[in-house]
Amino acid sequence: MGYTIIKHPLIDHKMTIIRKKETSSMEFRQIVNEIATLMGYEVTRDLETEDIEIETPIGKAIGKRISGKKIGIVPILRAGLGMVEGLLTIMPAARVGHIGMYRDPETLKPVTYYSKLPKDVASRQMIIVDPMLATGGSLIEAIDELKRNGAKNIKSINLLAAPEGLKAVQEAHPDVEIYIAALDEKLNEDKYIVPGLGDAGDRLFGTK
C-alpha cells in the first residue's frame with residue numbers, strides 16, 4: 001500500500017516545536033498528542049458511513065454515522081503512549097491494546113515482552129502508533145504480533161520516519177499503510193533519525 005506524508009500547516013508548525021531541543025517535556029507531550037489528533041483525521045478518512053434518520057430541534061434530517069470496522073489503537077511502549085490520548089479525542093470508543101518491546105543486546109533486534117490486545121482484532125481497523133520509525137524493526141515486529149493474533153486491517157501512524165526504516169517495513173508488510181508527518185534524511189551510526197528530534201520516549205517522560 002505504501003506510505004502517506006500528511007502535509008498540513010498546523011502539523012508542520014507543531015513538528016518544528018517538538019524538534020527543538022529546548023522544548024520542555026510538558027510541552028512536548030502536549031504537542032505530540034495534538035499532532036496525533038490532526039493525523040487521526042486523515043488516517044480515518046476512509047471509514048465507511050451509512051445514512052441515519054434523526055430528529056433535530058426543527059425537524060427530521062438524514063445524517064451519517066460510522067458503519068464500518070471498529071477501531072483499535074495499539075501504542076508500541078513506551079513512546080507510543082504519547083499519541084494515544086490525541087487519537088482517543090476523536091475516536092473515544094476505540095479499544096486500546098499495548099505492545100512492549102526491548103532490543104536484544106546481542107542480535108539488536110526487537111523482542112516482544114508484553115502484548116495485550118483486544119480480543120476481536122480480526123474485525124477491527126487496527127492502528128499502531130509510535131512517534132519514530134527509525135530502523136523499522138519495532139514496527140515490523142508489532143505488525144507481526146497483530147497478524148499472529150488475527151488482525152487483517154492494519155495502519156501505522158508515525159511522526160517521523162527514516163528512509164531505511166520505511167523501506168524495511170514496506171518490504172516486510174506491503175499491505176500496511178503507513179502515515180507519517182515527515183520523512184527525514186537518514187539514520188546515523190547510532191540508528192537515530194537525522195535531523196530527527198532525539199529519543200521520543202525520553203523527551204515525553206523527562207528521562208535520560
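Is Y114 buried, exposed or partly exposed? In this predicted model, Y114 has a relative accessible area of 38% and is therefore classed as partly exposed, since that value falls between the limits of 20% and 50%. The residue belongs to strand β7, which covers residues 110-116. Leaving aside residues up to four places away in sequence, Y114 is in contact with L77, H98, I99 and G100. Its separation from R65 was also computed: the two residues are 49 positions apart along the chain, and 35 Å lies between the C-alpha atoms of Y114 and R65.

L77, one of the residues touched by Y114, takes part in a cis peptide bond with R78, for which omega is about 5°. R78 itself is placed in the loop that runs between β4 and α3 (81-90). A cis peptide bond also joins V194 and P195, with omega about 0°. P195 is located in the loop between β13 (193-194) and α6. On the other side of β13, K191 sits in the loop that connects β12 (186-187) with β13. The phi angle of K191 is near 70°, which is a positive value in a residue other than glycine.

The largest pocket of the model has a volume of about 730 Å³. Its lining comprises 26 residues, and the closest to the pocket centre are R103, D130, M132, S138 and D199. Two or more lining residues come from each of the elements β4 (70-77), β6 (98-103), β9 (132-133), α4 (137-148) and α6 (200-205). Sorted by class, this lining contains 13 nonpolar, seven polar and six charged residues.

The second largest pocket holds about 310 Å³ of space. It is lined by 14 residues, of which L47, I66, I71, I90 and M91 are the closest to its centre. Nine residues of this lining are nonpolar, two are polar and three are charged.

Helix α4, one of the elements that contribute to the lining of the largest pocket, has twelve residues. From its first C-alpha to its last, the helix reaches 16 Å, close to the 16 Å expected at 1.5 Å a residue. The buried residues of α4 are G137, L139, I140, E141, A142, I143, E145 and L146. Just after the helix, G150 adopts a positive phi of about 100°.

L139 of α4 is also among the residues touched by S156. S156 is part of strand β10, which spans residues 153-161. With a relative accessible area of 1%, S156 counts as buried because this value is under the 20% limit. Apart from residues up to four places away in sequence, S156 touches I128, L139, V176, E177, I178 and Y179. In addition, the side chain of S156 forms a polar contact of 2.8 Å with the side chain of N158.

V176, another of the residues in contact with S156, lies in the loop between α5 (163-172) and β11 (177-183). The relative accessibility of V176 is 3%, so this residue too is counted as buried. V176 and K155 are 21 residues apart along the chain, while their C-alpha atoms are separated by 5.5 Å.

Helix α5, at one end of that loop, contains E171. In contrast to V176, which is buried, E171 is exposed, with a relative accessibility of 55%. E171 and G2 are 169 residues apart in sequence, and the distance from C-alpha to C-alpha is 9.7 Å.

A further residue considered here is T44, in the loop between α2 (25-43) and β2 (49-55). The relative accessible area of T44 is 16%, and the residue is therefore classed as buried. A polar atom of the T44 side chain lies 3.4 Å from the backbone oxygen of Y41.

Methods. Residues are numbered from 1 along each chain as its sequence is written. This is a predicted model: local features need pLDDT of at least 70, side-chain atom pairs count only at pLDDT 80 or more; totals for chains, interfaces and linings use all residues. Side-chain values use heavy atoms; hydrogens and water are left out. On a 1 Å grid over the protein atoms alone, a cavity is a set of points where a 1.4 Å probe fits but cannot get out, and a pocket is an open set with protein on both sides within 12 Å along at least five of seven lines; lining residues have an atom within 4 Å of a point. Grid points are joined across faces, edges and corners, and a volume is the space filled by probe spheres set on the points. Helices (H or I, at least four residues) and strands (E, at least two) are DSSP runs, numbered from the N terminus. Ala, Val, Leu, Ile, Met, Phe, Trp, Tyr, Cys and Pro count as nonpolar, Asp, Glu, Lys and Arg as charged, and the others, Gly among them, as polar. Buried means under 20% relative accessible area, exposed over 50%, partly exposed in between (1.4 Å probe, protein chains only). A polar contact is a pair of N or O atoms within 3.5 Å; within protein, one must be able to donate a hydrogen and the other to accept it, and residues adjacent in sequence count only if both atoms are side-chain atoms. Contact means heavy atoms within 4.5 Å. The expected span of a helix is 1.5 Å times one less than its number of residues.
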